[in-house]
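Me: I am new to this structure and would like to learn how to read its features. May we begin with the ligand and its surroundings?

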Amino acid sequence: MDRFQIHGGRKLNGSVQISGAKNAALPAMAAALLTADPVVLQNIPRVRDIITMAKLLAHMRCRVESPDLPPSQFIIQAQNVSMHEAPYELVKTMRASILTLGPLVARFGHARVSLPGGCAIGARPVDLHIQALEALGAETKVEHGYVEARAKRLRGATFRFPKITVTGTENILTAAVLADGETILENAAMEPEVTDLAEMLIKMGAKIEGVGTSTLKIQGVKSLHGATHAIIPDRIEAGTFLVAGAITGGELLLTNSEPKHLGAVIETLRACGVEIKCEGNGNMRVRAAKKLVAHDVTTEEYPGFATDMQAQFMALATQAEGASKVRETIFENRYMHASEMMRMGANIEIDGNLAIVKGPTPLSGAPVTASDLRASAGLVLAALVADNTTIIDRVYHIDRGYERIEDKLVAVGADIQRLTSYDDQ
Ligand code: EPZ
């Protein structure tokens, strides 16, 4: 298993190109199942979850180019799909496989997808995906660890999500576009990744109103056609590099980013004293704060502060003067990184979903273990300011969602090295 070896204390300077958003690319790839025509996706990040989704589509007999090494422009053609199943072996490594449920049942009338189960950050049920599909007329059965859905043709309905769900909204949106009649989705997620998916579906011939709002009105169409679509920049990767610039000193220029999607993060970092300039054309410049000050953060659905930035913010809070209260409201178990940061010297108290981070505390390098994707990012940031050497184990988590993070960090002056299992021999 690969590990990162990081010698902290280097100033970061230079420019970092932000990749396409993993969480927008995954539903876009699943949406390619909705047409027999080729779908051309651009700005696809080369990360592990994309490879898993490409393998899943290949397993369903879609034509996909080199699923083991998806190129940035990725073509998918779902012309001869003969398998309507997402098997456990693939779903267990990536929950987002559930995103194939809606498109499969909408186009082929049948889908069988393994239930993802819980993960390191919480129980994460998919009951709302199933409820909403039933509202659209699908018959569903949960058996042997799989959810199976059938419908000759889905029919439009009004469904109010009792709780906001990002992939739930995406799944049902990609089902409703081929349903008979009108579907109204209320209390829908407004994340930029949902909006990006809706825009791609419109290019494929879907009729969707209310894009970017919490009410999506969809007029089902008989069939969709191919399209070319460029995936939006990854707002979480951009936010992670904003924090990297803010805590390490120096100055970073982020290119190919979308500051509009980072409102709450930029506002929070500025409140901590970080200087961020949005320079147009997707460029953002971050300069280290002279002095970081504590600030409170509550994770919320978009446009609130993203739960996917909570671990990275916590790394910053360890370096800020005062007590920062961090409240996690989206997932019930998303503080695994905190105990690892405490092993590096951070002063963090956890009480239920509230974490109080007191700073600034000098961090010292230690062996730590990554528990999930964003927790790993938080640990990398902590290691960049820690003295001495930090070894982060299980970095396969970070490879799921960050494209070549160590290369991007080395290019701006960080001392980070990937140790492969081979190095241990
Ligand atoms: C998406 O997960 C993202 N994943 C997550 O990114 C992100 O953390 C999350 O949204 C919140 O922003 C992808 O886009 C692939 P939810 P998702 O359904 O859709 C509960 C990352 O690091 N819920 O919006 O699975 C759920 O348990 C990842 O890139 C139900 O109760 O999240 C949670 O408490 C991790 N029943 C809340 O809703 C359901 O049927 C929000 O989850 C569905 C969700």
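Reply: Certainly. The model is predicted. In it, a side-chain N or O atom of threonine 167 lies 2.6 Å from an oxygen atom of the ligand.

Me: How much of the ligand does the protein bury?

Reply: The ligand alone exposes 830 Å², and the protein buries 89% of that.

Me: Which other residues place a polar atom beside an oxygen atom of the ligand?

Reply: One may look at the backbone as well as at side chains. Isoleucine 330 has a backbone N or O atom 2.6 Å from a ligand oxygen atom. For arginine 334, a polar side-chain atom is 3.5 Å from an oxygen atom of the ligand.

Me: How many residues surround the ligand, and which are the closest?

Reply: The ligand is surrounded by 22 residues, the closest being Asp127, Thr165, Thr167, Asp308 and Ile330. Sorted by class, the shell holds ten nonpolar, seven charged and five polar residues.

Me: Which helix supplies the largest share of the shell?

Reply: That is α5, with three residues. At least two shell residues come from each of α1 (22-31), α5 (127-135), α6 (166-176) and α12 (373-385).

Me: Is alanine 54 buried or exposed?

Reply: A relative accessible area under 20% counts as buried. Alanine 54 is therefore buried, because its value is 0%. This residue belongs to helix α2, residues 48-59.

Me: Which residues does alanine 54 contact beyond its neighbours within four places in sequence?

Reply: Those contacts are with Met29, Val64, Pro67, Pro70 and Phe74. As for alanine 32, 22 residues away along the chain, its C-alpha atom is 11 Å from that of alanine 54.

Conventions
Residues are numbered from 1 along each chain as its sequence is written. This is a predicted model: local features need pLDDT of at least 70, side-chain atom pairs count only at pLDDT 80 or more; totals for chains, interfaces and linings use all residues. Side-chain values use heavy atoms; hydrogens and water are left out. Helices (H or I, at least four residues) and strands (E, at least two) are DSSP runs, numbered from the N terminus. Buried means under 20% relative accessible area, exposed over 50%, partly exposed in between (1.4 Å probe, protein chains only). Contact means heavy atoms within 4.5 Å. A residue is near a molecule or strand if one of its heavy atoms lies within 4 Å of it. A polar contact is a pair of N or O atoms within 3.5 Å; within protein, one must be able to donate a hydrogen and the other to accept it, and residues adjacent in sequence count only if both atoms are side-chain atoms. Accessible areas come from the Shrake-Rupley method with a 1.4 Å probe; for residues, only the protein chains shown count as cover. Ala, Val, Leu, Ile, Met, Phe, Trp, Tyr, Cys and Pro count as nonpolar, Asp, Glu, Lys and Arg as charged, and the others, Gly among them, as polar.
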